[in-house]
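The exercises below ask the reader to work through a fold, its sheet, its cores and its largest pocket. Each task is followed by a solution that proceeds step by step.

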Amino acid sequence: MTTRKPRHAEPSQTPRTFGYCRVSTTQQATEGMSLADQQSRIVGYCQANGLPAPTEMFVDAGTSGTTSLEKRERGAALLAAVRSGDHIIVTKGDRLFRSAKNALNIADDLRRRGVSLHLQDMGGEVLNSSISRVIFGVMMMFATLEAERRSQEHTSELQSRETISYAVF
């Protein structure tokens with residue numbers, strides 16, 4: 001008697017690790033949380049946590065965080081590349097997501113696809129339990145609040161400068 005293999009059986013695939021880095025400006029690419037610094041931190045995280053070295057680093061240089069991940073050139077490529085069992089490593093959640101809604105939608109998609117998401121600023125893998133997902137959601141809400149607050153302050157500062165320049169001249 002012969003045993004038949006299921007039609008849609010996939011070959012066993014080795015999990016891969018991908019890094020994702022982003023900076024908003026070309027100046028940030030060389031100063032502060034630069035791309036090289038982010039990449040180095042991702043490699044170190046993999047070594048410290050027994051993960052394979054990154055298969056590929058997806059880098060969006062000079063890309064605003066207000067652009068959602070799936071609309072960024074390399075962000076979209078990352079989402080298309082990952083498969084079940086893979087790991088995405090990012091230094092900070094704000095490098096990946098533009099808002100809490102965006103973060104929750106992408107996180108849900110990754111979890112359903114069996115992809116692990118590691119955010120170093122949150123201590124590691126964030127989708128592996130219901131508690132970690134709740135904490136992830138709350139932290140992304142605070143990140144959205146902070147981004148909106150900074151945007152409002154920036155707008156207010158620009159309006160103040162405009163008012164002052166009219167008063168001087």
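**Exercise 1. Find the bridge partner of His118 in E5, and then describe how the strands on either side of this bridge are arranged.**

Solution. The partner of His118 in E5 is Glu125, where strands (E, at least two residues) and helices (H or I, at least four residues) are DSSP runs numbered from the N terminus. This is a predicted model, in which local features need pLDDT of at least 70 and side-chain atom pairs count only at pLDDT 80 or more, while totals for chains, interfaces and linings use all residues. Residues are numbered from 1 along each chain as its sequence is written, and side-chain values use heavy atoms, with hydrogens and water left out.

Next, Leu119 has Gly124 as its bridge partner in E5, and the pairing of E4 with E5 is antiparallel over 2 bridges; two strands count as paired if DSSP finds at least two bridges between them. The two strands form a hairpin with 4 residues between them, and Gly123 in the turn has a positive phi of about 90°.

Finally, consider the faces of E4: Ser116 and His118 lie on one side, Leu117 and Leu119 on the other, and all of them are buried, where buried means under 20% relative accessible area, exposed over 50% and partly exposed in between, with a 1.4 Å probe and protein chains only.

**Exercise 2. Establish the strand order of the whole sheet, and explain why one side of E2 and of E5 is left without a neighbour.**

Solution. Begin with the chain, whose secondary structure comes to 5 helices and 5 strands, in the sequence pattern β-α-β-α-β-α-α-β-β-α. The 5 strands form an open sheet in the order E2-E1-E3-E4-E5, with mixed pairing. E2 and E5 (124–125) stand at the edges and each has a single partner strand, so one side of each has no neighbour in the sheet.

Then take the parallel pairs in turn. E1 is joined by 6 bridges to E2 (residues 56–61), running parallel, and Phe18 has Glu56 as its partner in E2. E1 and E3 also pair in the parallel sense, over 4 bridges, with Gly19 opposite Ile89 in E3. A further 4 bridges join E3 to E4, again in parallel, and the partner of Ile89 in E4 is His118.

**Exercise 3. Decide whether E1 is largely enclosed or open, and identify the cores of the model.**

Solution. Since 7 of the 7 residues of E1 are buried, E1 is largely enclosed by the rest of the structure. Thr17, Gly19, Cys21 and Val23 point one way from this strand, whereas Phe18, Tyr20 and Arg22 point the other way.

The largest nonpolar core (a set of buried Ala, Val, Leu, Ile, Met, Phe, Trp, Tyr and Cys residues joined through side-chain atoms within 4.5 Å) has 23 residues, of which Ile88, Leu96, Phe97, Leu110, Leu117 and Phe136 touch the most other members. Two or more residues of this core come from each of E1 (17–23), H2 (73–81), E3 (87–90), H4 (100–112), E4 (116–119) and H5 (130–168), and H4 gives the most, with 5 residues. Apart from this core lies another of 8 residues, among them Val23, Cys46, Leu51 and Ile89.

**Exercise 4. State where Leu127 is found, and list the residues that it touches.**

Solution. Leu127 is found in the loop between E5 and H5, and at 7% relative accessibility Leu127 counts as buried. Leaving out residues up to four places away in sequence, Leu127 touches Ala107, Leu110, Arg111, Val115, Leu117, Ser132 and Arg133, where contact means heavy atoms within 4.5 Å. Leu127 and Ala107 are 20 residues apart in sequence, yet their C-alpha atoms are 7.3 Å apart in space.

**Exercise 5. Determine how many residues of the lining of the largest pocket come from H5.**

Solution. H5 supplies 9 residues, the largest share of the lining. The elements that give two or more residues to this lining are H3 (93–96) and H5.
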